[in-house]
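Here is a short briefing to read alongside your viewer. Have the sequence and the coordinates open, and let's walk through them together.

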Amino acid sequence: MTRTRRLLGRSGAAAYPSSRSRRRERGDVPGWVLITLMTAALVTALWAVAEDQLVAMFRSALASVGG
């Protein structure tokens with residue numbers, strides 16, 4: 001086997017993971033989707049309950065930095 005072929009073989013293996021590792025990675029996607037959706041729901045719920053206080057805190061922080 002020539003040196004060029006060995007190098008191309010190695011780079012190809014790194015660029016294209018085996019189907020076994022791809023299956024293992026794909027299984028985790030629903031978990032991340034669930035975490036993202038739950039975080040968005042939590043932020044929305046907090047915003048709905050405490051909108052006035054959050055806006056007042058934000059304006060106060062900007063006023064203290066702006067002088």
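Trp47 is a good place to start: this residue sits in helix α3. Keep in mind that the model is predicted. The points below begin with Trp47, move on to the helix that holds it, and end with the whole chain.

**Trp47 and its contacts**
- Trp47 counts as partly exposed because its relative accessible area is 41%, and the limits for that class are 20% and 50%.
- Leaving aside residues up to four places away in sequence, Trp47 is in contact with Leu54 and Val55.

**The course of helix α3**
- Helix α3 runs over residues 29-66.
- A kink of about 85° interrupts α3, and its centre is Ala50.
- The C-alpha atoms at the two ends of α3 are only 43 Å apart, although a straight helix of 38 residues would reach 56 Å at 1.5 Å a residue.
- How many of the 38 residues of α3 are buried? The number is 0, so α3 lies largely in the open.

**A nonpolar patch**
- On the surface, Val29, Val33 and Leu37 make up a nonpolar patch, and together they offer about 270 Å² of accessible area.
- An α-helix has 3.6 residues a turn, so residues three or four places apart point the same way.
- Val33, one of the patch residues, belongs to helix α3.
- Val33 has a relative accessibility of 44%, which means that this residue is classed as partly exposed.

**The protein as a whole**
- The secondary structure consists of 3 helices and 0 strands, and along the sequence this reads α-α-α.
- Of the 67 residues in the protein, 1% count as buried.
- About 6,400 Å² of the protein is exposed, with carbon and sulfur atoms supplying 65% of that area.

How values were computed: Residues are numbered from 1 along each chain as its sequence is written. This is a predicted model: local features need pLDDT of at least 70, side-chain atom pairs count only at pLDDT 80 or more; totals for chains, interfaces and linings use all residues. Side-chain values use heavy atoms; hydrogens and water are left out. Patches are made of residues with over 30% relative accessible area and no salt bridge: like charges are joined within 9 Å, nonpolar side chains (Val, Leu, Ile, Met, Phe, Trp, Tyr) within 5 Å. Accessible areas come from the Shrake-Rupley method with a 1.4 Å probe; for residues, only the protein chains shown count as cover. A salt bridge is a side-chain nitrogen of Lys or Arg within 4 Å of a carboxyl oxygen of Asp or Glu. Helices (H or I, at least four residues) and strands (E, at least two) are DSSP runs, numbered from the N terminus. Buried means under 20% relative accessible area, exposed over 50%, partly exposed in between (1.4 Å probe, protein chains only). The expected span of a helix is 1.5 Å times one less than its number of residues. The bend at a residue is the angle between axes fitted to the seven residues ending there and the seven starting there. Contact means heavy atoms within 4.5 Å.
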